[in-house]
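I opened this notebook to record what I looked up in the structure. The entries run from the overall chain to individual residue pairs.

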Amino acid sequence: MNTTTQQTTSDIPNPNDFLSVKVKRHFSALAIDIALWSYTVLVSWKVIYEKVIMNMRYPKFFWTQPLTAFVIGAVIALALYMTSLSCGRAFTKLMKRDENKPVLKEPFSFFIIAIVILTFISGIYISQVSLHEFLSDSGLTGARRIFTALFNPNFAILEQATFAAIETIYMAFIATAVALPMAFIIAFFAARNLMSESKVTLAVYNIVRFFLNVSRSIEPLVWAIIFSVWVGIGPFAGMLALCLHSVSSLSKLYSEQIENISDGPIEAITATGAHPIQVIWYGVVPQIVLPYLSFTIYRWDINVRMATVIGLVGGGGIGTMLMQYQGLAKWNEVGMLVIIIAAIVWLMDWLSSRIRESIK
Amino acid sequence: MVLEIKNVNKVYPNGTHALRGVSFDVKEGEFLVIIGLSGSGKSTMLRCINRLHDVSTGEIMFEGKDITKLRGKDMRQVRSRIGMIFQHFNLVPRKSVMTNVLSGTLSRTGIFKSICGIYSEEDKKKARDYIKIVGLEGKENHRADNLSGGQQQRVAIARALMQNPKVLLADEPVASLDPATSHSVMQYLKKVNEELGVTVICNLHFLSLVREYSSRVVALKAGNLIYEGQPHDIDENWFQTIYGEEAVEVTIN
Ligand SMILES: Nc1ncnc2c1ncn2[C@@H]1O[C@H](COP(=O)(O)OP(=O)(O)O)[C@@H](O)[C@H]1O
Ligand SMILES: [Mg+2]
């Protein structure tokens with residue numbers, strides 16, 4: 001019964017656009033080629049030649065060297081641009097390929113494989129992988145000593161360690177609890193569907209998003225170091241670090257949930273003649289409350305784990321205790337702490353997944 | 001006259017002119033069907049009637065009073081007298097059938113009471129009665145989103161009935177249901193219309209349903225009202241005017 005009245009718009013852009021699109025593509029193709037070749041030159045020179053072949057222990061590094069590599073790379077890239085070795089033209093689909101030929105048989109694929117192998121070899125040298133050290137006699141003896149100690153935990157510190165663990169759990173809990181209301185409010189400003197009404201709100205949205213992304217991309221470990229200088233070493237610094245990170249992560253998750261709200265129930269409740277507050281309570285809240293709860297519990301779970309790590313840099317709790325015993329090389333005590341940490345992580349993981357499962 | 005639509009124009013903020021000088025009357029107790037192609041303005045018309053959208057110009061008289069300029073409490077008061085059901089049912093997910101049906105009483109329940117979920121005994125009894133009327137007895141405590149499409153639409157009808165509506169708007173209520181379920185839902189709407197005396201305005205896609213259930217038809221095309229008459233008067237010519245030259249009528253059984 002339906003007839004299509006839609007007009008099909010022409011797929012061919014006008015000639016001017018077409019030209020600039022093509023130029024842009026060549027531009028990015030060449031950039032890709034230059035980047036790949038510069039990288040190849042630099043790695044072959046600094047790692048493969050100096051470290052692997054010449055076996056230099058501490059090769060000197062000048063800032064002119066990457067520049068030289070870039071120039072050489074650019075020359076090679078330009079010279080080989082029109083050949084079938086050009087990855088840039090292949091990636092941007094500028095290269096006319098025979099569809100029946102397998103991609104892996106194309107010359108540019110060989111180049112990519114060569115780069116991967118080069119990177120792998122360099123990686124092994126740079127991270128100083130050494131089977132010799134790994135299997136040396138003195139090394140194995142040391143390892144045996146530590147493992148024996150770890151498997152003979154010192155139960156004398158059980159009480160003290162449990163208290164430290166409780167401190168960690170509470171620290172994580174408070175960090176999550178304080179972060180929750182802040183994230184709840186910020187999330188509304190970070191939800192695109194609510195903020196795209198006008199230019200002003202869109203600007204606020206972008207600023208909020210920017211700060212969230214920045215604070216989220218700085219590890220809580222780094223924040224803990226900053227805060228331990230600020231408020232002194234201890235659980236408070238750790239709590240602040242976790243809290244900050246939780247606010248930005250939860251805001252992001254909450255706002256995505258708001259963005260996914262379906263308008264249907266909101267419209268239906270509005271249509272019954274309900275007051276706007278009732279519309280929010282009946283149309284919006286049921287759609288977000290359980291996901292929010294689930295995210296928050298999961299966050300607490302993550303925070304307990306992070307709190308342990310943060311303790312290592314002086315954030316208090318069981319992590320700090322672990323660091324102290326480790327510094328004194330008291331491996332039996334460390335063994336005890338490792339067991340307790342494993343137990344807590346397992347318990348929190350189990351608890352949070354059970355709760356999240358039951359409220360789905 | 002329950003409703004008088006007078007020369008209504010609707011232009012969306014993005015410039016779409018969705019209704020162009022539409023005028024028609026809705027008589028007490030009738031089952032009026034609006035037909036037209038997708039995008040002809042049917043949904044826009046219904047949403048203007050219960051003020052989910054504002055008209056650009058023109059008047060909509062409900063029980064003799066223009067409602068297009070009402071705000072706040074007065075507007076909500078009018079909305080509560082006009083029930084609405086939707087193509088995708090629009091029930092509140094994760095909530096029970098009972099809670100969904102009771103949400104039809106929100107306009108007369110205090111804000112605080114409704115947040116705490118306190119409803120009058122009278123409303124609760126009424127909700128159970130309507131759930132029975134739409135054939136869902138025993139499902140009061142089931143989660144609404146676990147029901148089948150046809151059942152969800154019946155919950156939506158019960159929710160609308162809780163408003164004690166004078167008029168019930170139905171925006172393609174069976175468009176996402178299979179043929180058998182479509183008839184069942186349409187029969188419930190007919191029952192509401194005939195036994196409870198609620199005036200129904202319904203957007204429909206299938207002419208076979210229109211002929212079977214409607215008492216009067218109006219047709220929209222690109223925002224213009226192009227036909228007003230009895231369902232059996234829609235002949236081949238009208239059909240092609242409404243749906244276009246190449247259209248072929250398909251039936252739903
Ligand atoms: N919220 C909106 N904003 C802008 N344009 C809209 C909106 N809703 C509908 N329209 C447009 O208005 C016209 C009528 O739409 P609608 O009333 O939904 O038609 P129908 O229900 O008959 O399919 C269409 O062109 C549609 O694209
Ligand atoms: Mg529609």
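The entries below concern a predicted model.

**Entry 1: overall form of chain A**

I began with the secondary structure of chain A and found 15 helices and 0 strands. I then looked up the dimensions: the C-alpha trace spans about 80 × 75 × 40 Å along its principal axes. The radius of gyration of chain A is 29 Å, whereas a compact globule of 360 residues would have one near 21 Å. Buried residues account for 38% of the 360 residues in chain A. For contacts between residues at least 6 apart in sequence, I noted that 70% join residues at least 24 apart. Chain A exposes about 21,800 Å², and carbon and sulfur atoms supply 70% of that area.

**Entry 2: a nonpolar surface patch**

Which residues form a nonpolar patch on the surface? I listed A:Leu104, A:Phe110, A:Ile113, A:Ile117, A:Phe120, A:Ile121, A:Ile124, A:Tyr125 and A:Val129, which together have about 880 Å² of accessible area. I checked one member further: A:Ile124 lies in helix α4 of chain A, residues 107–126. A:Ile124 has a relative accessible area of 34% and is therefore partly exposed, since that class runs between 20% and 50%.

**Entry 3: nonpolar cores**

I next turned to the interior. The largest nonpolar core has 56 residues, of which B:Ile35, B:Ile157 and B:Met186 touch the most other members. Helix α6 of chain B (residues 149–161) gives the most to this core, with 6 residues. Another core, of 30 residues, lies apart from it; among its members are A:Ala271, B:Val8, B:Ile60 and B:Leu220. I also looked up the surroundings of B:Met186. With neighbours within four places in sequence left aside, B:Met186 is in contact with B:Phe31, B:Val174, B:Cys202, B:Leu204, B:Leu209 and B:Tyr213.

**Entry 4: B:Val11**

B:Val11 lies in strand β1 of chain B, residues 3–11. Is B:Val11 buried or partly exposed? Its relative accessibility is 36%, so I entered B:Val11 as partly exposed. Beyond its neighbours within four places in sequence, B:Val11 is in contact with B:Thr16, B:His17 and B:Ser56. B:Asp54 is 43 residues from B:Val11 in sequence, and their C-alpha atoms are 9.5 Å apart in space.

**Entry 5: salt bridges**

How many salt bridges are there over all chains? I recorded a count of 20.

The first pair I examined was B:Arg216 with B:Glu30, whose closest N and O atoms are 2.8 Å apart. B:Arg216 lies in strand β9 (residues 216–221) and B:Glu30 in the loop between β2 and β3 of chain B, so the salt bridge ties together parts 186 residues apart in sequence. Both B:Arg216 and B:Glu30 are buried.

B:Asp171 forms a salt bridge with B:Arg47, with 2.9 Å between the closest N and O atoms. This pair links strand β7 (residues 167–171) to helix α1 (residues 42–49) of chain B, across 124 residues. B:Asp171 and B:Arg47 are both buried.

For B:Arg81 and B:Glu63, the closest N and O atoms of the salt bridge are 3.0 Å apart. B:Arg81 is in the loop between α2 and β6, and B:Glu63 in the loop between β4 and β5 of chain B, so the pair ties together parts 18 residues apart in sequence. B:Arg81 is partly exposed at 25% relative accessibility, and B:Glu63 is partly exposed at 37%.

Finally, I noted that salt bridges with shared partners join A:Glu267, B:Arg47 and B:Asp171 into one network.

Note on methods:
Residues numbered from 1 in each chain as written. Chains lettered and ligands numbered in written order. Predicted model: local features only at pLDDT ≥ 70, side-chain atom pairs only at ≥ 80, totals over all residues. Heavy atoms only, no water. Patch = residues over 30% accessible without salt bridge, like charges linked within 9 Å, V, L, I, M, F, W, Y side chains within 5 Å. Areas by Shrake-Rupley, 256 points an atom, 1.4 Å probe, with all protein chains shown as cover. Salt bridge = Lys/Arg side-chain N within 4 Å of Asp/Glu carboxyl O. Helix = DSSP H or I, 4+ residues; strand = E, 2+ residues; numbered from the N terminus. Buried < 20%, exposed > 50% of the residue type's maximum accessible area, 1.4 Å probe, protein only. Rg over C-alpha atoms; globule rule 2.2 N^0.38 Å. Contact = heavy atoms within 4.5 Å. Core = buried A, V, L, I, M, F, W, Y, C linked by side-chain atoms within 4.5 Å.
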